[in-house]
Amino acid sequence: MEKPRYYFIGDRRTVDLDFASLRFEYTDCPYRFEAVFEHGVWRVRGLLEDNQLRLPEGSQCLHYGQQLFEGMKAQTGADGKVYAFRPLDNARRMSRGAVYLRGPEVPEELFLRGVEEVVAANFPYIPPYGSGAALYLRPFYLGVGDNVGVKPASRFLFRIFVTPVGPYFRGGFGPDQGKSFMVSPLDRAAPHGTGHVKAGGNYACSFTPGCQAREAGFAEALYLDPAEHRFIEEIGAANFLGLKGRTLITPDSASILPSITRMSLMQIAAELFSWPTETRQIPLEELGELDAAACCGTAAVITWIREIVDGQRRWAFSFDERWRQLYDKLVGIQTATEEDPFGWRHEIPI
Ligand SMILES: Cc1ncc(COP(=O)(O)O)c(C=O)c1O
């Protein structure tokens with residue numbers, strides 16, 4: 001696909017994109033950031049223009065899934081500055097994954113430098129404040145080398161590309177935007193496997209459950225715990241939230257991805273709203289006792305749940321104003337319409 005062209009308006013370059021009608025899809029941007037790990041050290045390659053990768057055919061990332069990725073957003077604030085949201089938490093999650101997959105950690109300074117450089121280099125693609133769109137960042141990590149045995153690589157590639165995106169679930173946030181989800185009979189993660197790290201293999205095996213759910217008319221698949229199929233795990237690429245009376249609850253499980261959005265919402269609920277919060281196992285049957293349900297993540301932000309279906313069983317929910325309170329506070333902190341008491345906004349020098 002041809003890259004959108006730059007235009008010059010006054011002294012600021014802009015790009016011919018209709019940000020407000022973007023979907024959650026890839027647009028090729030001019031620059032990506034890259035570093036390589038070789039002979040025990042990370043070396044920065046810097047900003048590259050080519051969106052193609054050239055890899056040795058024996059690379060571990062291609063055969064054994066020695067691969068990690070992250071998803072995060074940079075947004076223009078109401079003050080005109082550009083902010084990434086909690087980038088160090090993404091860096092730490094990637095490094096935890098690297099340790100598990102037996103590769104070197106990505107140093108926090110390297111991760112942050114990449115985030116800052118790649119966002120600044122692609123600044124015409126950063127959606128303006130109020131467009132409802134954001135610049136999505138996709139840091140990723142590959143084990144590479146001339147190899148054929150089942151063993152970890154000694155060379156690694158770290159790259160970040162960016163792409164402007166609209167909302168993940170179309171329609172954005174609001175009382176008429178509730179989604180229906182189907183309980184999947186399949187699993188995305190093993191009880192003691194890699195569900196807690198953002199390894200590509202977890203997502204390849206979510207394609208069948210996700211496609212089955214969409215073919216049946218649902219927005220996504222809801223996963224149960226892989227050991228007993230009793231407890232709620234997560235929904236597609238989003239964590240689960242429930243409101244039970246005054247309490248905000250979310251599943252405790254070693255096989256779900258620890259969502260940075262969820263961590264933020266639980267802290268907002270507890271510390272800014274003084275709501276009781278609980279992180280604990282949630283049996284599927286308990287859906288009948290919840291007042292409201294939602295899922296959350298970088299892409300989904302907060303998406304409220306209208307319905308969950310498991311075969312012949314069905315649980316229906318209505319919109320709860322508390323989802324709006326959480327949404328407004330989170331997005332307000334991200335876009336600088338609210339104070340940032342936790343220091344979550346990271347200003348990108350442009
Ligand atoms: C499986 C899974 N669960 C939850 C999330 C939400 O995590 P976060 O809020 O950090 O984007 C994601 C997205 O990264 C995910 O892939």
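The residues lining the largest pocket split into 20 nonpolar, twelve polar and nine charged ones. That pocket is a good place to start, since the ligand sits in it. Keep in mind that you're looking at a predicted model. Here's a quick tour of the ligand, its surroundings and two pockets.

**The largest pocket**
- How much space are we talking about? The largest pocket has a volume of about 920 Å³.
- It takes 41 residues to line this pocket, and those closest to its centre are Phe69, Arg138, Lys198, Tyr203 and Ala237.
- If you're wondering how a pocket gets found at all, a probe the size of a water molecule is rolled over the atoms, and that shows where empty space is left.

**The ligand and its shell**
- The ligand has 15 residues around it, and Tyr203, Glu234, Ser259, Thr261 and Thr298 come nearest.
- Tyr203 is a name worth spotting twice: it's listed among the residues closest to the centre of the largest pocket, and it's also among those that come nearest to the ligand.
- Sorted by type, the shell around the ligand holds five nonpolar, six polar and four charged residues.

**Polar contacts with the ligand**
- Look at threonine 261: a polar atom of its side chain is 2.5 Å from an oxygen atom of the ligand.
- Threonine 298 also uses its side chain, where an N or O atom lies 2.6 Å from a ligand oxygen.
- With isoleucine 260, it's the backbone that does the job: one of its polar backbone atoms is 2.9 Å from an oxygen atom of the ligand.
- How much of the ligand does the protein cover? On its own the ligand has 380 Å² of accessible area, and the protein covers 97% of that.
- Two elements give two or more residues to the shell around the ligand: strand E13 (238–244) and helix H6 (260–272).

**The second largest pocket**
- This one has a volume of about 640 Å³.
- Its lining is made of 40 residues, with Lys73, Gln75, Val301, Tyr327 and Val331 closest to the centre.
- Which elements supply at least two residues each to this lining? They are strand E6 (72–76), H6, strand E17 (301–310) and helix H7 (321–334).
- So you'll meet H6 here as well as in the shell around the ligand.
- By type, the lining of the second largest pocket has 21 nonpolar, 17 polar and two charged residues.

How values were computed
Residues are numbered from 1 along each chain as its sequence is written. This is a predicted model: local features need pLDDT of at least 70, side-chain atom pairs count only at pLDDT 80 or more; totals for chains, interfaces and linings use all residues. Side-chain values use heavy atoms; hydrogens and water are left out. A residue is near a molecule or strand if one of its heavy atoms lies within 4 Å of it. A polar contact is a pair of N or O atoms within 3.5 Å; within protein, one must be able to donate a hydrogen and the other to accept it, and residues adjacent in sequence count only if both atoms are side-chain atoms. Accessible areas come from the Shrake-Rupley method with a 1.4 Å probe; for residues, only the protein chains shown count as cover. On a 1 Å grid over the protein atoms alone, a cavity is a set of points where a 1.4 Å probe fits but cannot get out, and a pocket is an open set with protein on both sides within 12 Å along at least five of seven lines; lining residues have an atom within 4 Å of a point. A molecule sits in a cavity or pocket if more than half of its atoms lie within 2 Å of its grid points. Helices (H or I, at least four residues) and strands (E, at least two) are DSSP runs, numbered from the N terminus. Ala, Val, Leu, Ile, Met, Phe, Trp, Tyr, Cys and Pro count as nonpolar, Asp, Glu, Lys and Arg as charged, and the others, Gly among them, as polar. Grid points are joined across faces, edges and corners, and a volume is the space filled by probe spheres set on the points.
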